[in-house]
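Please look at the sequence and the structure shown below. The briefing after them takes up a loop residue, a pair of helices and a lysine.

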Amino acid sequence: MFPVRIGALVALGLLVGGCGSGAAPSPGAPPSTAAVPVRIVASTNVYGSIASAVGGDRVTVRSIIDGPGADPHEYEATPADAAAVGDAAIMIVNGGGYDDFAAKLVAASSATPRTIDVVELSGLRPSGGQEFNEHVWYSLPTVEKLADRLAGDLTAVDPAGAAAYAANAAAFKGRVDGLTATVDAIKAAHTGEKVAITEPVPLYLVQDAGLQNVTPPEFTEAVEEGTDPSAAVLNDTLALFSGKAVSALLANTQTESGSTRQVEQAATAAGIPVVAVTETLPAGVDDYVAWQGGQIDQLSAALGRAAP
């Protein structure tokens, strides 16, 4: 299906709203009840996975970005996306400029799904306009907040499922607590150790584990923006490995370029472990905790292998 611009979706949203079997909800007033299964739309499969864990068999979930091939920063919505949002009771967006397409879909729709902005929910955005890392799904406390918020919103639209949603959220948070325990163990053993990254994607994990990111910020900014760093910045980054200044490299395998490949090759040549991280759930993986747990275990093992 060819992508369409958001402006063209306004008419489609009206059409979707007009074709429903019941009256459309009034603007600004989300419905107090919804048919089971409750329909949830998530901007990425990260949030779709969490919604499935909390909602269980009382929800259906559609993740707009459901694989490693699409870049949320550049994604253009389709008519199918607009139709899904028009039918949704709950919409989950990352916010913070990461997935603007999702916020625009909500704005263009004649429906009014309850919308969860995870950046705003996180409380991590600094005041005063400082630079902000929007990859908040790597913050385990934020993910637990999201589970609680989902249980509350699902209960509001489906009161009969309240007990199930509360139990599911508690079970999910218990599994996340297990991840937190592993991160805390890394922090206890490796506080202050230096690491490098190719992009800011895993920075909340790095910080929560007590590690110090020493990558030149100009390098990660260039990679995130899809441009090449200057030769001087690239050389400074490569020197981290030849000089064995870091214990590990965390590399986003979903965003690779000539520069990131050079960095990974330099780390490998120097015997410095490379931890593969991803921005969304990889193909064949549909469980947030299993995905993050695998990455955290890789990080722990890499730091254990690193030379003193």
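The notes that follow are grouped by topic. This is a predicted model, in which local features need pLDDT of at least 70 and side-chain atom pairs count only at pLDDT 80 or more, while totals for chains, interfaces and linings use all residues. Residues are numbered from 1 along each chain as its sequence is written, and side-chain values use heavy atoms, with hydrogens and water left out.

**Asn-133**
- Asn-133 sits in the loop that runs between α5 (118-122) and α6 (140-157), where helices are DSSP runs (H or I, at least four residues) numbered from the N terminus.
- With a relative accessible area of 13%, Asn-133 counts as buried (under 20% relative accessible area, 1.4 Å probe, protein chains only).
- The side chain of Asn-133 makes a polar contact of 2.6 Å with the side chain of His-135, a polar contact being a pair of N or O atoms within 3.5 Å, of which, within protein, one must be able to donate a hydrogen and the other to accept it, and residues adjacent in sequence count only if both atoms are side-chain atoms.
- A polar atom of the Asn-133 side chain also lies 3.4 Å from the backbone oxygen of Pro-200.

**Lys-173**
- Lys-173 is placed in helix α7, and its side chain is joined to that of Asp-148 by a polar contact of 2.9 Å.
- Apart from neighbours within four places in sequence, Lys-173 is in contact (heavy atoms within 4.5 Å) with Glu-144, Ala-147 and Asp-148.
- The C-alpha atoms of Lys-173 and Ala-53 are 10.0 Å apart, although 120 residues separate the two along the chain.

**Helices α2 and α7**
- Helix α2 (residues 45-55) packs with helix α7 (residues 162-190) at an angle of about 125°, their axes being 7 Å apart.
- The contact involves Ile-50, Ala-53, Val-54 and Gly-55 of α2, together with Tyr-165, Asn-168, Ala-169 and Phe-172 of α7.

Definitions and conventions: Helix = DSSP H or I, 4+ residues; strand = E, 2+ residues; numbered from the N terminus. Buried < 20%, exposed > 50% of the residue type's maximum accessible area, 1.4 Å probe, protein only. Axes fitted to C-alpha atoms, helices over the stretch in contact; angles between N-to-C directions.
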